[in-house]
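Biologist: Please show me the model and explain how its salt bridges and its pocket are assigned.

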Amino acid sequence: MKFATPLPVHLKNYSPSSYLIDKIYLNIHLDPKNTRVFSRLQIRKNPLIKKASSVLKLNGYKLHLKRVQLNGRTLSSSEYHETENSLE
């Protein structure tokens, strides 16, 4: 598995995240051919950001998304956008 070299973020280009992650729960089932990860994130808008983006982007690489839930409700695929490297 080869990952792209991350690009540096210069202080002049940095902006704080619009969202804060308070808790992360991971349940990982390792398997040589089919590792499964269940994650639950407790996320909230950053109160210090006055014009917070309404889009939350999660990065990932070669993931196969099974389901997305928000506040216990399973979202339909029209309610989020999945690419090869991210989920919005």
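Modeller: What follows concerns salt bridges, exposure and the largest pocket. This is a predicted model, in which local features need pLDDT of at least 70 and side-chain atom pairs count only at pLDDT 80 or more, while totals for chains, interfaces and linings use all residues. Residues are numbered from 1 along each chain as its sequence is written, and side-chain values use heavy atoms, with hydrogens and water left out.

Biologist: Why is the pair R44 and D22 called a salt bridge?

Modeller: The term requires a side-chain nitrogen of Lys or Arg within 4 Å of a carboxyl oxygen of Asp or Glu. In R44 and D22 the closest N and O atoms are 2.7 Å apart, so the pair meets the rule. The partners lie 22 residues apart, R44 in strand β2 (residues 36-45) and D22 in strand β1 (residues 19-29); strands are DSSP runs of E, at least two residues, numbered from the N terminus.

Biologist: What makes R44 count as partly exposed?

Modeller: Buried means under 20% relative accessible area, exposed over 50%, and partly exposed in between (1.4 Å probe, protein chains only). R44 has 38%, so the class is partly exposed. D22, at 39%, is likewise partly exposed.

Biologist: Which residue forms a salt bridge with E79?

Modeller: The partner is R73, with the closest N and O atoms 2.9 Å apart. By this rule the count comes to 2 salt bridges.

Biologist: Which strand gives the most to the lining of the largest pocket?

Modeller: Strand β2 does, with 8 residues.

How values were computed. Helices (H or I, at least four residues) and strands (E, at least two) are DSSP runs, numbered from the N terminus.
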